[in-house]
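Here is a quick tour of a fold, written to be read with the model open beside you. Keep the viewer handy and click along as we go.

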Amino acid sequence: MTTTTSTSPATAHADIRVAVSTVIFSLRREPGRERPSVVIPLVRRTRAPHEGQWALPGGWLGADEDLEMAASRTLRETTGLAPSFLEQLYAFGAVDRSPTRVVSIVYWALVREDVSARPARENVAWFDATSLPALAFDHNQIVEYALWRLRNKVGYSRIAHGLLPELFTLADLREVYEAILDRRLDPANFRRQVDTSGTLIPTDGFRTGSHRPARLYRYDHDVELAERGPLPE
């Protein structure tokens with residue numbers, strides 16, 4: 001007869017901790033590059049395990065917090081950033097991902113280019129999302145998955161607007177798409193697709209400069225609210 005040893009729920013749960021981490025995407029312009037780069041902030045660890053290595057910003061889930069509240073709090077505490085878009089990405093819970101049993105609920109977030117251009121906090125630095133150093137834990141895998149989701153989702157959702165100011169031109173919007181997808185888009189085709197999407201509202205404002213004036217648009221937030229479904233705010 002095979003004998004099994006049962007573990008009480010209280011004992012099992014005591015050995016498992018829940019953490020919340022966030023992959024924060026933004027854009028950055030580098031001299032000599034055709035388009036902006038997709039960048040993320042990382043935090044240098046100051047204690048074991050992986051002391052001295054870069055890692056995603058995050059922290060432990062508080063007993064009195066919901067997940068999104070914890071994601072916002074840990075972002076604020078580690079980087080000082082408040083994202084314009086925040087969404088749950090995935091749960092990572094491989095048994096060997098940490099010396100102790102840790103399940104991480106990972107979010108992804110967007111901040112605008114002017115935010116990522118500000119001086120970073122001590123122990124925080126921005127990195128090109130496609131050429132990262134070896135990160136702590138399984139964070140390279142997490143970033144790779146987040147990038148895959150970002151590139152796949154940008155084609156059918158309005159997450160690109162999380163990287164833009166309140167008012168923007170179609171050229172600004174196309175540049176965001178090109179940075180995320182890492183390829184050029186035909187301006188005429190892009191305009192047609194945007195015009196039929198029903199997600200933009202043209203304003204009476206124009207951006208003037210060395211070229212012909214470009215109309216300014218804003219995002220129709222009612223579309224986003226209509227697609228959220230019955231989940232609570």
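Start at Thr74: setting aside neighbours within four places in sequence, this residue is in contact with Val20, Gly58 and Gly59. Bear in mind throughout that the model is predicted. Thr74 belongs to helix 2, and at 2% relative accessibility it counts as buried.

Thr74 has company. The buried residues of helix 2 are Ala70, Ala71, Arg73, Thr74, Leu75 and Thr79. What do they pack against? Their partners are strand 1, strand 2, strand 4, strand 5, strand 6 and strand 7. The helix itself has 13 residues, which should span 18 Å at 1.5 Å a residue, and its end C-alpha atoms are indeed 18 Å apart.

Zooming out for a moment, the secondary structure comes to seven helices and nine strands. Of the 233 residues in the protein, 41% are buried. Take the contacts between residues at least 6 apart in sequence: 62% of them join residues at least 24 apart.

**Helix 4 and the main core**

Helix 4 covers residues 139-153, and its 15 residues reach 21 Å from the first C-alpha to the last, close to the 21 Å expected. Which of its residues are buried? They are His139, Ile142, Val143, Ala146, Leu147, Arg149, Leu150 and Lys153. These residues cover an arc of only 165° around the axis, which puts them on the same side of helix 4. An α-helix has 3.6 residues a turn, so residues three or four places apart point the same way. The buried residues of helix 4 pack against strand 1 (16-28), strand 2 (37-44), strand 3 (54-55), strand 5 (85-92), strand 6 (101-110) and helix 5 (170-181).

Now for the largest nonpolar core. In soluble globular proteins, nonpolar side chains tend to be buried together. Here the largest such core has 39 residues, and Val23, Phe25 and Leu173 touch the most other members. Two or more residues come from each of strand 1, strand 2, strand 5, strand 6, helix 4, helix 5 and helix 6 (187-197). Helix 5 gives the most, with six residues.

Have a click on Val23. Not counting residues up to four places away in sequence, Val23 touches Ile40, Leu56, Val106, Tyr107, Trp108, Ala109, Ile142 and Ala146. Apart from the largest core lies another core, of 14 residues, among them Val20, Leu75, Ala109 and Trp126. Val20 is also one of the residues in contact with Thr74, and Leu75 is among the buried residues of helix 2.

**A pocket**

The second largest pocket has a volume of about 630 Å³. It is lined by 28 residues, of which Arg45, Arg47, Gly58, Gly59 and Phe137 lie nearest its centre. Gly58 and Gly59 are the glycines that Thr74 contacts. At least two lining residues come from each of strand 1, strand 2, strand 4 (58-60), helix 2 (67-79) and strand 6.

**Backbone oddities**

What kind of peptide bond joins Ala48 and Pro49? It is cis, with omega about -5°. Pro49 is found in the loop between strand 2 and strand 3, and His50 lies in the loop between strand 2 and strand 3 too. His50 has a positive phi although it is not a glycine. Asn123 also has a positive phi without being a glycine. The two residues are set out here:

| Residue | Phi | Relative accessible area | Loop |
|---|---|---|---|
| His50 | about 65° | 31%, partly exposed | between strand 2 and strand 3 |
| Asn123 | near 75° | 30%, partly exposed | between helix 3 (113-116) and strand 7 (124-128) |

**Towards the C-terminal strands**

A last stop is Leu200, in strand 8 (residues 200-207). Is Leu200 buried or exposed? At 14% relative accessibility, Leu200 counts as buried. Leu200 and Tyr217 are 17 residues apart in sequence, yet their C-alpha atoms are 6.3 Å apart in space. Leaving aside neighbours within four places in sequence, Leu200 is in contact with His161, Phe168, Leu170, Leu173, Val194, Tyr217, Arg218 and Tyr219. Leu173 in that list is one of the residues that touch the most other members of the largest nonpolar core.

Note on methods: Residues are numbered from 1 along each chain as its sequence is written. This is a predicted model: local features need pLDDT of at least 70, side-chain atom pairs count only at pLDDT 80 or more; totals for chains, interfaces and linings use all residues. Side-chain values use heavy atoms; hydrogens and water are left out. Helices (H or I, at least four residues) and strands (E, at least two) are DSSP runs, numbered from the N terminus. The expected span of a helix is 1.5 Å times one less than its number of residues. Buried means under 20% relative accessible area, exposed over 50%, partly exposed in between (1.4 Å probe, protein chains only). The arc is that of the directions from the helix axis to the C-beta atoms. Contact means heavy atoms within 4.5 Å. A nonpolar core is a set of buried Ala, Val, Leu, Ile, Met, Phe, Trp, Tyr and Cys residues joined through side-chain atoms within 4.5 Å. On a 1 Å grid over the protein atoms alone, a cavity is a set of points where a 1.4 Å probe fits but cannot get out, and a pocket is an open set with protein on both sides within 12 Å along at least five of seven lines; lining residues have an atom within 4 Å of a point. Grid points are joined across faces, edges and corners, and a volume is the space filled by probe spheres set on the points.
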